[in-house]
Amino acid sequence: MDNNAAYHYSNFIAQHLNDIKHLQISVKGIDLVKHFNDGQLDAIIINEENQSDIEGEFLENKLFQEGFALVSSQSALPSALSLKQITSSKLLIAPRYCPVSQQLLNIFNSSDDLKQIGHTNTLLEVIANSDYQTILPMQMAKTLTTNDHRFQASGLTDFPPRTISLFSRTEDVQNFLVSYLR
């Protein structure tokens, strides 16, 4: 998935791009699962919760677990906060296909309040120029706040972390990728 590739595996991709027959990066984990199920991909790296959509036998290796942060252009955010401290009418999220967005829609129980923007660059520019906020994976939030001083981030204390796993059909593919990805 895009945010895993960009913020966790860009060095691996850069070093091995010539060795990989086909690399597909998507913002939709379910699209990767579909191509994996169809035999078009030998391995996928996705949120573990998408495992239930994988058909047939497969191998899984949990690669890492990652929390989330609230990202805003407001200054003086606390280092950590609770979801109860977030105003849903000021929250921008990814579209409904995103597992995190699905969780937020359930938590806030008010999909009318939550605005959805499906393009990360647009979402971030709207946040930079307004009082809207978003929730991003922790590594993405750290990189963003380090590289762009328009943004601040607060770790979320009560939002469940995501587990990112590698799924493959064969042990040789699994072992090769795990040896480089950990």
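**Entry 1: a pair of charges**

I started with Glu 125 and Arg 150, whose side chains meet in a salt bridge at 2.8 Å, N to O. This is a predicted model, so I kept an eye on confidence too, and I come back to that below. Glu 125 belongs to helix α5 (residues 120–128), while Arg 150 sits in the loop between α6 (138–147) and β8 (152–156), so the bridge ties together parts that are 25 residues apart in sequence.

Are the two partners buried or exposed? Neither word fits: Glu 125 is partly exposed at 38% relative accessible area, and Arg 150 is partly exposed at 35%.

I then looked for another partner of Arg 150 and found Asp 148, with the closest N and O atoms 2.8 Å apart. A reminder to myself: side chains of opposite charge can pair when their charged atoms come close.

**Entry 2: the other salt bridges**

How many salt bridges does the structure hold? I noted seven. One of them joins Lys 62 to Glu 60, and here the closest N and O atoms are 3.4 Å apart. Lys 62 counts as partly exposed at 44% relative accessibility, and Glu 60 counts as partly exposed at 29%. I also found that Glu 48 joins in: Glu 48, Glu 60 and Lys 62 are linked in a network of salt bridges.

**Entry 3: into the core**

Next I turned to the nonpolar residues. The largest nonpolar core has 16 residues, and the members that touch the most others are Ile 86, Leu 91, Leu 104, Ile 135 and Leu 156. Which elements each supply at least two residues of this core? I wrote down β3 (68–72), β5 (91–93) and α4 (99–108). The largest share comes from α4, with four residues.

I picked Leu 156 for a closer look at its surroundings. Leaving aside neighbours within four places in sequence, Leu 156 is in contact with Phe 68, Ala 69 and Leu 70, with Leu 81 and Leu 83, and with Ile 86 and Ile 135. Two of these names, Ile 86 and Ile 135, were already on my list of core members that touch the most others.

**Entry 4: nonpolar, but at the surface**

Where are nonpolar side chains found at the surface? I found a patch of about 250 Å² made by Leu 17, Leu 23 and Ile 25. Ile 25 lies in the loop between α2 (10–16) and α3 (29–37). With a relative accessible area of 42%, Ile 25 is partly exposed.

**Entry 5: a polar residue tucked away**

Asn 4 caught my eye in helix α1. Its relative accessible area is 1%, so Asn 4 counts as buried. What is Asn 4 in contact with, leaving aside its neighbours within four places in sequence? My list reads Tyr 9, Ile 45, Phe 64, Arg 162 and Ile 164.

**Entry 6: a backbone angle to remember**

I checked Ala 76, which is placed in the loop between β3 and β4 (80–81). Its phi is near 60 degrees, a positive value in a residue other than glycine. Ala 76 counts as exposed, at 74% relative accessibility.

**Entry 7: how confident is the prediction?**

Last, I looked up the confidence values. The mean pLDDT of the protein is 91, and 99% of its residues reach 70 or more. Where is confidence lowest, and where is it highest? The lowest mean, 83, belongs to helix α1 (residues 2–8), and the highest, 97, to β3. Helix α1 is also the place of Asn 4 from my earlier entry, and β3 is among the elements that supply at least two core residues.

How values were computed: Residues numbered from 1 in each chain as written. Predicted model: local features only at pLDDT ≥ 70, side-chain atom pairs only at ≥ 80, totals over all residues. Heavy atoms only, no water. Core = buried A, V, L, I, M, F, W, Y, C linked by side-chain atoms within 4.5 Å. Buried < 20%, exposed > 50% of the residue type's maximum accessible area, 1.4 Å probe, protein only. Contact = heavy atoms within 4.5 Å. Patch = residues over 30% accessible without salt bridge, like charges linked within 9 Å, V, L, I, M, F, W, Y side chains within 5 Å. Areas by Shrake-Rupley, 256 points an atom, 1.4 Å probe, with all protein chains shown as cover. Salt bridge = Lys/Arg side-chain N within 4 Å of Asp/Glu carboxyl O. pLDDT = per-residue confidence, 0-100.
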